[in-house]
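Let's take a walk through this one together. Have the sequence and the 3D view open, and we'll go from one spot to the next.

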Amino acid sequence: MALTTPLLEVKGVTLTFKGIAALTDVAFSVEKGRIVSLIGPNGAGKTSILNCISGRYTPDCGEIYLDGKNLLAVPAHKRTGMGLSRTFQNIALFKGLSVLDNLMVGRHHLIRYGILSSIAYFGRAMNDEAEHRRRVEDVIDFLGLSPYRHQAAGHLPYGVQKRVELGRALAAEPKLILLDEPMAGMNLEETEDMARYILDICEEWGATVLLIEHDMGVVMDISDKIVVLDFGSVLAQGRPDEISANQDVVAAYLGTEDATFFGR
Ligand SMILES: Nc1ncnc2c1ncn2[C@@H]1O[C@H](COP(=O)(O)OP(=O)(O)OP(=O)(O)O)[C@@H](O)[C@H]1O
Ligand SMILES: [Mg+2]
């Protein structure tokens, strides 16, 4: 694993808000084709890391590389074009737009034609449009969203909205997909479906996954590697079996969770 360059490398990332540290010297990597999970108690800094990667936050110091390219030198709005997409802890869909259109928005960085060029090159624009629709339909089929295709996203049940968010991130054809608690608030069946989708995104769609999730049963089941954050620092990282046997991790969690925490 160590012989190939990781898809994502986070090195020495420190982030403060008005002098208060949210992240301190955070370092980990995500290897291509893997599912890596970030876990840790509430306020540990998990979402802050995702925000540093996506460009919503700028770290005080440290480096982040995607496919060997320095991400911090790239403005947030251009990072999608580098192969990065994400979902949000609080659903962030265009509520008035249909499912189909929300997914099309996920592809906006791939759409090459503007109004002028679509007048000048009408044929090409039509072909491109058909191709974008086809890709979006593939995502809709994969996530079982066909019945909701033309419905406004904001009116859908919560669990379906979470799937639409995943669909929008996937429609962007990411190399790395960042998922912030995709199972939060879901029932058991929806959680199992979501776990299956995440595995398939990695195995069949060829994307690499960085996942934040509190459901330890799922995390232990589907992760290749787990990075544990506590008070903004990496407490431990390793394979699921190494993490569940790590005394520091167990101790950090035992204050807030019972012994069934790791779902074993
Ligand atoms: N925009 C912000 N302004 C000020 N403080 C912030 C901001 N974003 C995060 N923080 C602080 O940084 C710390 C880490 O927050 P973060 O949201 O990254 O935690 P988390 O691990 O995602 O928690 P949760 O499991 O509750 O989602 C917290 O103390 C939080 O209050
Ligand atoms: Mg969070």
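Which residue just after α1 takes a positive phi? That's G55, with a phi of about 100 degrees. Keep in mind as we go that this is a predicted model.

Now step back into the helix itself. Helix α1 covers residues 46–54, and 8 of its 9 residues are buried, so the rest of the structure largely encloses α1. The buried ones are K46, S48, I49, L50, N51, C52, I53 and S54. T47 in the same helix counts as partly exposed, because its relative accessibility is 24% and the buried class stops at under 20%.

T47 is a good place to pause, since its OG1 atom coordinates the magnesium ion, ligand 2. The other coordinating atom is OE1 of Q89, and the distances run from 2.0 to 2.2 Å. Where does Q89 sit relative to T47? Q89 belongs to the loop between β6 (84–86) and α3 (99–105), so the pair ties together parts that are 42 residues apart in sequence. Like T47, which is partly exposed at 24%, Q89 falls in the partly exposed class, here with a relative accessible area of 34%.

Both of these residues turn up again when you look at ligand 1. There are 14 residues around ligand 1, and the ones that come nearest are G43, K46, T47, S48 and Q89. Helix α1 gives the largest share of that shell, with 3 residues. By type, the shell splits into 7 polar, 5 nonpolar and 2 charged residues.

Zoom in on the oxygen atoms of ligand 1 and you'll find some polar side chains waiting. The side chain of K46 has an N or O atom 2.7 Å from a ligand 1 oxygen. For T47, a polar side-chain atom is 2.8 Å from an oxygen of ligand 1, and for S48 the corresponding distance is 2.6 Å. How much of ligand 1 does the protein bury? Taken alone, ligand 1 exposes 630 Å², and the protein buries 61% of that.

Next, move over to helix α6 (residues 158–171), where you'll find E165. Is E165 buried or exposed? E165 counts as buried, because its relative accessibility is 2%, and anything under 20% falls in that class. Its side chain reaches the backbone nitrogen of F88 at 3.2 Å. Leaving aside neighbours within four places in sequence, E165 is in contact with T87, F88, I91, A92 and L93.

For a contrast, try K32, in the loop between β2 (20–30) and β3 (35–39). K32 is exposed, because its relative accessible area is 53% and the exposed class starts at over 50%. K32 still touches other parts of the chain: not counting residues up to four places away in sequence, its contacts are L7, D67 and T208. The C-alpha atoms of K32 and D67 are 9.0 Å apart, with the two residues 35 places apart along the chain.

Finally, zoom out to the whole protein. You'll see 10 helices and 10 strands, and 48% of the 264 residues are buried. Take the contacts between residues at least 6 apart in sequence: 67% of them join residues at least 24 apart. The protein exposes about 12800 Å², of which carbon and sulfur atoms supply 53%.

Note on methods
Residues numbered from 1 in each chain as written. Chains lettered and ligands numbered in written order. Predicted model: local features only at pLDDT ≥ 70, side-chain atom pairs only at ≥ 80, totals over all residues. Heavy atoms only, no water. Donors = N, O, S within 2.8 Å, 3.2 Å for Na, K, Ca; no water. Helix = DSSP H or I, 4+ residues; strand = E, 2+ residues; numbered from the N terminus. Buried < 20%, exposed > 50% of the residue type's maximum accessible area, 1.4 Å probe, protein only. Near = heavy atom within 4 Å. Polar contact = N/O pair within 3.5 Å; in protein donor to acceptor, adjacent residues only side chain to side chain. Areas by Shrake-Rupley, 256 points an atom, 1.4 Å probe, with all protein chains shown as cover. Nonpolar A, V, L, I, M, F, W, Y, C, P; charged D, E, K, R; others polar. Contact = heavy atoms within 4.5 Å.
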